[in-house]
Amino acid sequence: MEAREYVWKGAIPLQIQLHESEVTALPPPPPLLVSHRINPLIFFFHCFCFEFGRETLISPNVRASQILAPRIGYLPLLIPRVKPHFGGALPPGADTVWFDYNGLPLKWFIPTGVLFDLLCPEPKRPWNLTVHFRGYPSNILVPCEGEDGVKWSFINSLKEAAYIINGNCKNVMNMSQSDQSELWQSVMNGDLEAYQQVSLKLKFGVLEDEYIVKKNSISLRSKESSADTDMAGQAKTGRIPVRLYVCGATEDFDELEDAPEIDNWDKISYINRPVEVHKEEGKYFTLGDAVKALLPAIFTDKSFIDEDVSKTEVEDDKNAPCVSQGDNQDVSGSAEDRTEKNCEAVEPLFSSNTAELKLLRIHGIEPQLEIPFSWVVNNLMHPEHFLHICVFLKVARANHR
Amino acid sequence: MSGVAGDGTLAPSDFRVAAVAFAERWKSAVSALPPWSWIPRPKHPWLSNEVDGYLALENACLLGSSEENRVGCCGGSEEPNCSGDDEPVDDATLVQSSRDDVHYYDFHIIYDSSYRVPVLYFRAYCGDGRTLLLNEFEGDLPADSSEALVKSKWTFITQEEHPYLNRPWYKLHPCGTSECIKLLFQSDALIRTTSGAAELYLLSWFSVVGRMVGLGIPYEMMKCENNT
């Protein structure tokens, strides 16, 4: 699968600086400069092609390390490559490593590519991070016990994904030590082939690629995940593991550089909830459908244009903005709000209950919402079988209307 | 149709109903312990929440140095309303002690959308607010919990990020919950479909899980009321 190969090879150029309070060597030796070339990421939906093949001048007083970080990897795994560059400058004592971006401590259990897509809506190359070897903010950040800690977190997420898809974690719990080790190594090394070999044994099942299935074929998918089956290779369940990171801004933005800066994790709503896939006759379940399942109150300012599918613009707008749940405490959800929704809105309809989708990113690309969700899942999921999606919304101010 | 699923999981719509009922029962049966309250999740109108909050019991205190693990009621103020004498089968005792010895606990019962079960999160801290690490409060836990902890470090009590609060909390791993509940409900299939099934689910779940962290359920709470 071509797309999966590109996903596994995707990387972020990082420039990592040691926090100034931890520099003890004087004067700091010249920074480490390495030039890299990245394979272009070419998708036939949206192109996001970039190169980084030049040397970067840094101020001579700044110690920095430049490395390529795999998108599907995790920051703590970079430490063995980063530390030697700073080793001589560190104060004495034990290391407790953590990273920050513009002062925001980075959650190490979120894949590097996702952190980048979320915190750098206008992609910066290189991405400037600060590394700390002391002073772990353990009141804010879950402790990380090195590679083992990251591996445990990965396996745990894999178990969760297995439970969501299969209704039980047996396939992961029953993995042999050597299989588990091989799987983890393949992730650390970015070795897709090795990963696929081990992963086949896990029998997760593939979400049926809807765009190659004829419309009148019988759906193998049931709406509810039935409990006791752990059948191999069949798309039998409607639950897909998704992790959604939502950033809402009250100011509208059309340029990425004006997208809101995140200086606090409380500004991000993290939704770790499976998407239930519902298949209707003659239609396929799209990425947009999946996002709306998780965020029913959002809408886009573009209409859905889909030649293959019979749903009309009018029909789609009827489904789009909706008020929040009935027992909601902050908004009355009055009848007026509901009747205000109209179809064929050229202008986005905007009430305090709704939000406009400005940007959706997966692995650094912005897939069109009409793409079959099955394709997105099968090709863009991370190795632990979760699909991570970053979403930027324009929301109403508190006193709007 | 509300009720408990045959696979031991709880539907999201039932969680809130069950949680509120659980809190009510607790309040009437367990006056010497802090009450549970429903905390609405910080909510934006544009977020769809299957479950829009969680149950919290906060500022429960445990004496770090006592031999018996007792959970008592200690508010921030010196309220003398925690007399344990008249309470039947209640585990609460309040003993004055120096600040340093006292460990405080916050417990949150949060619904897990992936496993479709409630999960217990908790945090331990001392008088000055400093969060305690596992090795500092391990002694507070019932003996068999500590043992299980030692045997399977990675799968029993783990430190993870609180789903809503962006802070590290401790969590009892939910992986085996549905199996456990399934067994509890197996003996009487009819129970699953009664109107109080979700509430019974939460009570049963808590009777197992709460025990692991020293929170017992008094007998009164488990009394079955057929007409509810």
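1. Let's start with one small pairing. A:Asp100 stands opposite A:Thr130, a residue of strand 5 of chain A. Keep in mind as you look that this is a predicted model. The two strands involved here, strand 3 and strand 5 of chain A, pair in the antiparallel sense, and 3 bridges hold the pairing.

2. Stay with strand 5 for a moment, for it has another partner. Strand 1 (residues 11-18) of chain A runs parallel to strand 5 of chain A, and 5 bridges join the two. To find the place on screen, go to A:Leu18, whose bridge partner in strand 5 is A:Val131. Is strand 5 of chain A mostly covered or mostly open? Mostly covered: 5 of its 6 residues are buried.

3. Now step back to the whole chain. Chain A has 11 helices and 12 strands. Of its 401 residues, 54% count as buried. The exposed surface of chain A comes to about 18,800 Å², and carbon and sulfur atoms supply 50% of that area. For the contacts in chain A with a separation of 6 or more, 78% are between residues 24 or more positions apart.

4. Next, a sheet worth tracing with your finger. Five strands of chain A form an open sheet in the order 8-7-12-11-10, with mixed pairing. Strand 8 (268-272) and strand 10 (298-299) stand at the edges with a single partner strand each, so one side of each has no neighbour in the sheet. At the strand 8 end, strand 7 and strand 8 of chain A run antiparallel and are joined by 5 bridges. There, A:Arg243 stands opposite A:Asn272 of strand 8.

5. A:Arg243 deserves a second look. This residue forms a salt bridge with A:Glu160, and the closest N and O atoms are 3.0 Å apart. The pair links distant parts of the chain, with A:Arg243 in strand 7 (residues 242-249) and A:Glu160 in helix 4, 83 residues apart. Are A:Arg243 and A:Glu160 buried or exposed? Both are buried.

6. Another residue of the sheet is A:His388, found in strand 12 (residues 387-395) of chain A. Why does A:His388 count as buried? Its relative accessible area is 4%, and the cut-off for buried is under 20%. The side chain of A:His388 makes a polar contact with the side chain of A:Tyr245 at 2.9 Å. A polar contact also joins the side chains of A:His388 and A:Glu384, again with a distance of 2.9 Å. Leaving aside residues up to four places away in sequence, A:His388 touches A:Pro111, A:Val114, A:Arg243, A:Tyr245, A:Arg361, A:Ile362 and A:His382. Notice that A:Arg243, the salt-bridge partner of A:Glu160, is among the residues touched by A:His388.

7. On salt bridges in general: side chains of opposite charge can pair when their charged atoms come close. How many salt bridges does the count come to over all chains? The count is 13. One of them joins the side chains of A:Asp95 and A:Arg134, with N to O at 2.8 Å. A:Asp95 lies in the loop between helix 2 (79-86) and strand 3 (98-101), and A:Arg134 in the loop between strand 5 (127-132) and helix 4 (146-166), so this pair ties together parts that are 39 residues apart in sequence.

8. The two members of that pair differ in their cover. A:Asp95 is partly exposed at 29% relative accessibility, whereas A:Arg134 is buried at 17%. A:Lys83 joins in as well: A:Lys83, A:Asp95 and A:Arg134 are linked in a network of salt bridges.

9. For another salt bridge, try A:Asp263 and A:Lys267, where the closest N and O atoms are 2.8 Å apart. A:Asp263 is partly exposed, with a relative accessible area of 49%, and A:Lys267 is partly exposed too, at 44%.

10. Finally, a point from a database record. In an unreviewed entry, UniProt places the feature "domain: Autophagy protein ATG5 alpha-helical bundle region" at residues 148-203 of chain A. What share of that span is helix in the model? The answer is 84%, with 0% strand. The end C-alpha atoms of the span lie 25 Å apart.

Note on methods. Residues are numbered from 1 along each chain as its sequence is written. Chains are lettered from A and ligands numbered from 1 in the order in which they are written. This is a predicted model: local features need pLDDT of at least 70, side-chain atom pairs count only at pLDDT 80 or more; totals for chains, interfaces and linings use all residues. Side-chain values use heavy atoms; hydrogens and water are left out. Helices (H or I, at least four residues) and strands (E, at least two) are DSSP runs, numbered from the N terminus. Buried means under 20% relative accessible area, exposed over 50%, partly exposed in between (1.4 Å probe, protein chains only). Contact means heavy atoms within 4.5 Å. Accessible areas come from the Shrake-Rupley method with a 1.4 Å probe; for residues, only the protein chains shown count as cover. A polar contact is a pair of N or O atoms within 3.5 Å; within protein, one must be able to donate a hydrogen and the other to accept it, and residues adjacent in sequence count only if both atoms are side-chain atoms. A salt bridge is a side-chain nitrogen of Lys or Arg within 4 Å of a carboxyl oxygen of Asp or Glu. Two strands pair if DSSP finds at least two bridges between them. UniProt positions are given in the numbering used here, feature names are shortened, and annotations may be inferred rather than shown by experiment.
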